[in-house]
Amino acid sequence: MTAQGSTMNYWLLKSEPSTWSWDMQVAAGAKGTHWNGVRNHLAKQNLMAMRAGDRAFFYHSNDGKNIVGIVEIIRGSYPDPSAAPGEPWVVVDVKAVSPLKNPVTLAAIKAEPKLAKMSLVTSARLSVQPVTKAEWEMVCGMGE
């Protein structure tokens, strides 16, 4: 359950480690950070659907191409302070929860037939993606 008492949703957030890495997210501590710079309308809609208490995979894109940790959404969407005035972009605040014991690679996800419909496979370029509960549980199991 989320803080609002509704069912928890699951997500995947992509970041290039040279821009914002898992280690940087962990260093932000319990206060967390905002997830900014999203400039795609579908990704923005996903950010707007996030609620405090939801969980997300932290994915290193380009360099690594693997899920390395789990973050919690600690504040739902609000206007992106890095956007130009009048632009419709939003951010959410996230904090690190735990690393995956074994990072789960994109190759491993693509090799698992039960994950063939996961957004990471079907919409690979989208930076903020929904994850189903079944996908979440499978990937978490792969990361143990």
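**Figure 1. F58, a buried ring in a predicted model.** F58 has a relative accessibility of 0%. That value is under 20%, so F58 counts as buried. The residue belongs to strand β3, which covers residues 55-60. The structure shown is a predicted model.

**Figure 2. The aromatic pair of W22 and F58.** The protein holds four aromatic pairs. One of them joins W22 and F58 in an edge-to-face arrangement. The ring centres lie 5.5 Å apart, and the planes meet at 70 degrees. The pair links distant parts of the chain. W22 sits in helix α1, residues 22-27, while F58 sits in strand β3. The two are 36 residues apart. W22 is buried, with a relative accessible area of 9%.

**Figure 3. The stacked pair of F57 and W136.** Here the ring centres are 4.0 Å apart. The planes form an angle of 20 degrees, so this pair is stacked. F57 and W136 also link distant parts of the chain. F57 lies in strand β3, and W136 lies in helix α5, residues 133-142. Along the chain, 79 residues separate them. Both F57 and W136 are buried.

**Figure 4. The ring cluster of Y10, F57 and W136.** Ring pairs tie these three residues into a cluster. F57 comes from strand β3 and W136 from helix α5.

**Figure 5. Helices and strands of the protein.** The fold has five helices and six strands. From the N terminus, the order is β-α-β-α-β-β-β-α-α-β-α. Helix α1 carries W22, and strand β3 carries F58.

**Figure 6. Dimensions and long-range contacts of the whole protein.** The C-alpha atoms fill a box of roughly 45 × 35 × 30 Å along the principal axes. The radius of gyration is 14 Å. A compact globule of 144 residues would have a value near 15 Å, so the two agree. Take the contacts between residues at least 6 apart in sequence: 68% of these join residues at least 24 apart.

**Figure 7. Surface, interior and charge.** Buried residues account for 45% of the 144 residues. The protein exposes about 7,500 Å². Carbon and sulfur atoms supply 53% of that area. Side chains include 15 positive and 12 negative ones. The centres of these two sets lie 3 Å apart.

Conventions
Residues are numbered from 1 along each chain as its sequence is written. This is a predicted model: local features need pLDDT of at least 70, side-chain atom pairs count only at pLDDT 80 or more; totals for chains, interfaces and linings use all residues. Side-chain values use heavy atoms; hydrogens and water are left out. Helices (H or I, at least four residues) and strands (E, at least two) are DSSP runs, numbered from the N terminus. The radius of gyration is taken over C-alpha atoms; the globule rule is 2.2 Å times the number of residues to the power 0.38. Buried means under 20% relative accessible area, exposed over 50%, partly exposed in between (1.4 Å probe, protein chains only). Contact means heavy atoms within 4.5 Å. Accessible areas come from the Shrake-Rupley method with a 1.4 Å probe; for residues, only the protein chains shown count as cover. Lys and Arg count as positive and Asp and Glu as negative; His and the chain ends are not counted. The place of a charge is taken as NZ of Lys, CZ of Arg, CG of Asp or CD of Glu. Rings of Phe, Tyr and Trp (its six-membered ring) pair if their centres lie within 6.5 Å; planes under 30 degrees apart count as stacked, over 60 as edge-to-face and the rest as tilted.
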